[in-house]
Amino acid sequence: MNTVLWVIAGLLTLLFLVSGIMKVVRTKEDLASAGLAWTADFSSGVVKAIGVLEVLAAVGLLLPPVTDIAPVLAPLAALGLVLLMIGAMITHVRRSEYPMVGVNLVLLLLAAVVAWGRFGPYAF
């Protein structure tokens, strides 16, 4: 199970690192034209803040356990991703973007598995 948790954490890290950097680097208008229509409902600062949170969570999933410096940050980062995905699901439901709710739910469940495993029986 420890290997499964590492693989899930690695996948989440990759996904959220790319997603977060994209939100930080690109303008709100570029993101909207690239298919992230939800950005129209938020200010540029909020979109950038979401991107920063995604990058921090991605780094927090792998870096602390790999370096063995404050490894408790890994399950906290996973818990942060769960909270981000709850917010994303609420946003997509309000906008009637139901296929995206499914994507958010899968990411939420993966992050929840990592949080459960790293807080519980497979802690560092």
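Q: In which helix is threonine 13 found?
A: In this predicted model, pLDDT has to be at least 70 for local features and 80 or more for side-chain atom pairs, while totals for chains, interfaces and linings use all residues. Residues count from 1 along each chain as its sequence is written, and side-chain values use heavy atoms, with hydrogens and water left out. Helices here are DSSP runs (H or I, at least four residues), numbered from the N terminus. On that basis, the home of threonine 13 is helix α1.

Q: Is threonine 13 buried or exposed?
A: Threonine 13 has a relative accessible area of 10%. Buried means under 20% and exposed over 50%, with partly exposed in between (1.4 Å probe, protein chains only). So threonine 13 is buried.

Q: Which residues does threonine 13 touch, not counting those up to four places away in sequence?
A: Touching here means heavy atoms within 4.5 Å. With residues up to four places away set aside, the partners of threonine 13 are Ala58, Leu61 and Leu62.

Q: How are α1 and α3 oriented to each other?
A: Their axes lie 7 Å apart and make an angle of about 150 degrees. Over 145 degrees counts as roughly antiparallel. So α1 and α3 are roughly antiparallel.

Q: At what angle do the axes of α3 and α4 cross?
A: Helix α3 takes in residues 44–67 and helix α4 residues 73–94, and their axes come within 7 Å. This pair is also roughly antiparallel. The axes cross at roughly 155 degrees.

Q: Which residues of α4 make the contact with α3?
A: From the α3 side come Leu53, Glu54, Ala57, Gly60, Leu61, Pro64 and Pro65. Facing them, α4 brings in Leu73, Ala74, Ala77, Ala78, Leu81 and Leu84.

Q: Which helix supplies the largest share of the largest nonpolar core?
A: A nonpolar core joins buried Ala, Val, Leu, Ile, Met, Phe, Trp, Tyr and Cys through side-chain atoms within 4.5 Å. This one has 20 residues, and Leu12, Phe16, Leu61, Leu81, Met85 and Val114 touch the most other members. At least two residues each come from α1 (2–25), α3, α4 and α5 (98–119). The largest share, 8 residues, belongs to α4.

Q: Which residues is leucine 81 in contact with, leaving aside neighbours within four places in sequence?
A: Leucine 81 is one of the core members that touch the most others. It also belongs to the α4 side of the contact with α3. Beyond four places in sequence, leucine 81 meets Phe16, Ala57, Leu61 and Ala111.

Notes. Axes are lines fitted to C-alpha atoms, for helices over the stretch in contact, and angles run from 0 to 180 degrees between N-to-C directions. Angles under 35 degrees count as roughly parallel, over 145 as roughly antiparallel, 65 to 115 as roughly perpendicular and the rest as oblique.
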